[in-house]
Amino acid sequence: QVQLVESGGGLVQAGGSLRLSCTASGRTFSSYAMGWFRQAPGKEREFVARISWNGDTRYYADSVKGRFTISRDNAKNTVYLQMNSLKPEDTAVYYCARRSSLGIDYDYWGQGTQVTVSS
């Protein structure tokens with residue numbers, strides 16, 4: 001069983017920065033792509049960013065491109081999301097997830113961490 005634990009959320013003013021972390025249990029972390037998603041109140045969960053198993057390939061939602069950076073440290077079983085120039089519309093619960101071995105969906109999810117950006 002894989003467990004993903006997010007941390008680093010909080011309250012920040014618009015224009016500020018936060019770094020989210022997601023630490024995974026187990027010894028196979030480095031074999032999987034990882035993703036970040038978010039869900040704002042009353043909205044559906046949306047994709048934020050994804051990183052390949054070795055960190056060579058990264059994808060971002062258009063809404064965060066140029067402001068957010070996804071990275072990983074396989075030695076620490078941790079994936080990060082550096083969020084800069086935060087906007088009130090970035091307010092959401094942020095989740096990390098492990099991409100399945102088939103590369104189609106995500107099979108394990110964290111419990112989420114709240115990010116609130118005040119104007």
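1. A quick convention to start: a residue is buried under 20% relative accessible area, exposed over 50% and partly exposed in between, using a 1.4 Å probe on protein chains only. By that rule Asn77, with a relative accessible area of 17%, counts as buried. Please keep in mind that this is a predicted model, where local features need pLDDT of at least 70, side-chain atom pairs count only at pLDDT 80 or more, and totals for chains, interfaces and linings use all residues. Residues are numbered from 1 along each chain as its sequence is written, and side-chain values use heavy atoms, with hydrogens and water left out.

2. Where does Asn77 sit? Asn77 is in the loop between β7 (68-73) and β8 (78-83); strands here are DSSP runs of E with at least two residues, numbered from the N terminus. Counting contact as heavy atoms within 4.5 Å, and leaving out residues up to four places away in sequence, Asn77 touches Cys22, Thr23, Ala24, Ser25, Gly26 and Phe29.

3. Phe29 deserves a look of its own. Phe29 belongs to the loop between β3 and β4 and is buried, at 4% relative accessible area. Beyond four places in sequence, Phe29 is in contact with Ala24, Met34, Arg72, Asp73, Asn74, Asn77, Thr78 and Val79. Its C-alpha is 6.9 Å from that of Asn74, although the two residues are 45 apart in sequence.

4. Phe29 also helps to line a cavity, together with Val2, Ala24, Ser25, Thr28 and Arg98. A cavity here is a set of points, on a 1 Å grid over the protein atoms alone, where a 1.4 Å probe fits but cannot get out; lining residues have an atom within 4 Å of a point. The whole structure has one cavity of 30 Å³ or more, and the largest cavity holds about 40 Å³ of space. Points are joined across faces, edges and corners, and the volume is the space filled by probe spheres set on them. The lining of the largest cavity has three nonpolar, two polar and one charged residues, with Ala, Val, Leu, Ile, Met, Phe, Trp, Tyr, Cys and Pro taken as nonpolar, Asp, Glu, Lys and Arg as charged, and the others, Gly among them, as polar.

5. How many residues make up the largest nonpolar core? The core has 27 residues, and Trp36, Val48, Phe68, Val79, Leu81, Met83 and Tyr94 have the most contacts inside it. At least two residues each come from β3 (18-24), β4 (34-39), β5 (46-51), β7, β8, β9 (92-99) and β11 (113-118). β3 gives the largest share, four residues. A nonpolar core means buried Ala, Val, Leu, Ile, Met, Phe, Trp, Tyr and Cys residues joined through side-chain atoms within 4.5 Å. Among the contacts of Leu81 outside its sequence neighbourhood of four places are Leu20, Trp36, Val48, Phe68 and Tyr94.

6. Finally, the rings. Phe, Tyr and Trp rings (the six-membered one for Trp) pair if their centres lie within 6.5 Å; planes under 30 degrees apart are stacked, over 60 edge-to-face and the rest tilted. That rule gives four aromatic pairs. Phe37 and Tyr106 are edge-to-face, at 4.8 Å centre to centre and 85° between the planes. Phe37 lies in β4 and Tyr106 in β10 (residues 106-109), so this pair ties together parts 69 residues apart in sequence. Both residues, Phe37 and Tyr106, are buried. Phe37 and Trp109 form a tilted pair, at 4.9 Å and 55°. Trp109 is partly exposed, at 30% relative accessibility. Ring pairs link Phe37, Phe47, Tyr106 and Trp109 into a cluster.

Note on methods
On a 1 Å grid over the protein atoms alone, a cavity is a set of points where a 1.4 Å probe fits but cannot get out, and a pocket is an open set with protein on both sides within 12 Å along at least five of seven lines; lining residues have an atom within 4 Å of a point.
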